[in-house]
Amino acid sequence: MKKIIFLIILFLIYSAIICFCPVVTQWDRNIIMAIQDLLKNVPLWIPILLVTQIYTLCIIIPLIIAFIFFYKRLLIIDLFLFSSAPLVAYILNSIIKIAVQRPRPPLELQIAVHPSSFSFVSSHTFISCSLWGLVIFYLIKYCSNKYIKYSGICFSVLWMFFVGFSRVWLGVHNPTDVLGGYFLALILLIIYIKTIRIIGGKI
């Protein structure tokens with residue numbers, strides 16, 4: 001519990017720095033421009049695909065697999081906890097966006113996609129990391145096939161990175177928005193994993 005409280009306090013401090021230090025926003029803009037300049041010759045369909053069709057599939061597929069896996073083993077609490085993670089992340093993200101009300105990067109930096117909601121934190125990053133972080137946890141806990149386990153862990157880590165990176169690349173999120181998404185996902189995962197260890201594995 002102390003670790004969770006400490007991380008929440010750190011997140012609040014992080015959020016305050018982002019809100020009240022304009023220099024951070026300028027650093028964000030410089031990083032976005034540097035990434036876009038570095039990748040200017042890469043087809044834009046790549047980052048767009050990552051956060052549209054592939055992103056949707058990478059939410060639906062693990063939920064379907066989890067339903068089959070947990071239901072067959074009568075791990076109903078685990079099924080409920082795993083399935084609720086994206087929804088809880090979405091709700092928390094919506095509350096934080098309204099509370100912080102950080103604007104998106106300027107339109108001239110937004111490539112192809114122009115979201116209308118607030119920027120902090122990145123919902124794509126937060127939701128993906130919350131779900132795929134649990135995928136890693138359950139792979140380690142239940143998967144005995146080393147090839148599937150380590151392939152799944154590698155894919156999960158790369159996917160979580162590329163989701164966040166693509167949001168900065170497209171100019172729809174500041175780098176600090178993405179870092180905030182990773183930070184919040186870490187807090188949520190710690191809470192979920194502690195809960196699973198206490199009441200998981202039961203009907």
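Visitor: Why is Leu 74 called partly exposed?

Guide: This is a predicted model, and in it Leu 74 has a relative accessible area of 48%. Buried means under 20% and exposed means over 50%, so Leu 74, at 48%, counts as partly exposed. You'll find Leu 74 in the loop between α4 and α5. Its phi is near 55 degrees, a positive value in a residue other than glycine.

Visitor: What makes Arg 197 exposed?

Guide: Arg 197 has 65% relative accessibility. Exposed means over 50%, so Arg 197 counts as exposed. Arg 197 sits in helix α8, residues 175-199, and helps form a positive surface patch with Lys 3, Lys 141 and Lys 194.

Visitor: How do you know that Leu 10 is partly exposed?

Guide: Check its relative accessible area, which is 33%. Partly exposed lies between under 20% and over 50%, so Leu 10 fits that label. Leu 10 belongs to helix α1. Together with Met 1, Ile 5, Phe 6, Ile 9, Ile 13 and Ile 17, Leu 10 makes a nonpolar surface patch of about 680 Å².

Visitor: Why is Gln 101 called partly exposed?

Guide: Gln 101 has a relative accessible area of 45%. Being exposed takes over 50% and being buried takes under 20%, so Gln 101 is partly exposed. Look for Gln 101 in the loop between α5 and α6.

Visitor: Which residues touch the most other members of the largest nonpolar core?

Guide: Phe 11, Phe 82 and Leu 134 do, out of 47 residues in that core. Helix α6 gives the most to this core, with eleven residues.

Notes. Residues are numbered from 1 along each chain as its sequence is written. This is a predicted model: local features need pLDDT of at least 70, side-chain atom pairs count only at pLDDT 80 or more; totals for chains, interfaces and linings use all residues. Side-chain values use heavy atoms; hydrogens and water are left out. Patches are made of residues with over 30% relative accessible area and no salt bridge: like charges are joined within 9 Å, nonpolar side chains (Val, Leu, Ile, Met, Phe, Trp, Tyr) within 5 Å. Accessible areas come from the Shrake-Rupley method with a 1.4 Å probe; for residues, only the protein chains shown count as cover. A salt bridge is a side-chain nitrogen of Lys or Arg within 4 Å of a carboxyl oxygen of Asp or Glu. Lys and Arg count as positive and Asp and Glu as negative; His and the chain ends are not counted. The place of a charge is taken as NZ of Lys, CZ of Arg, CG of Asp or CD of Glu. Helices (H or I, at least four residues) and strands (E, at least two) are DSSP runs, numbered from the N terminus. Buried means under 20% relative accessible area, exposed over 50%, partly exposed in between (1.4 Å probe, protein chains only). A nonpolar core is a set of buried Ala, Val, Leu, Ile, Met, Phe, Trp, Tyr and Cys residues joined through side-chain atoms within 4.5 Å.
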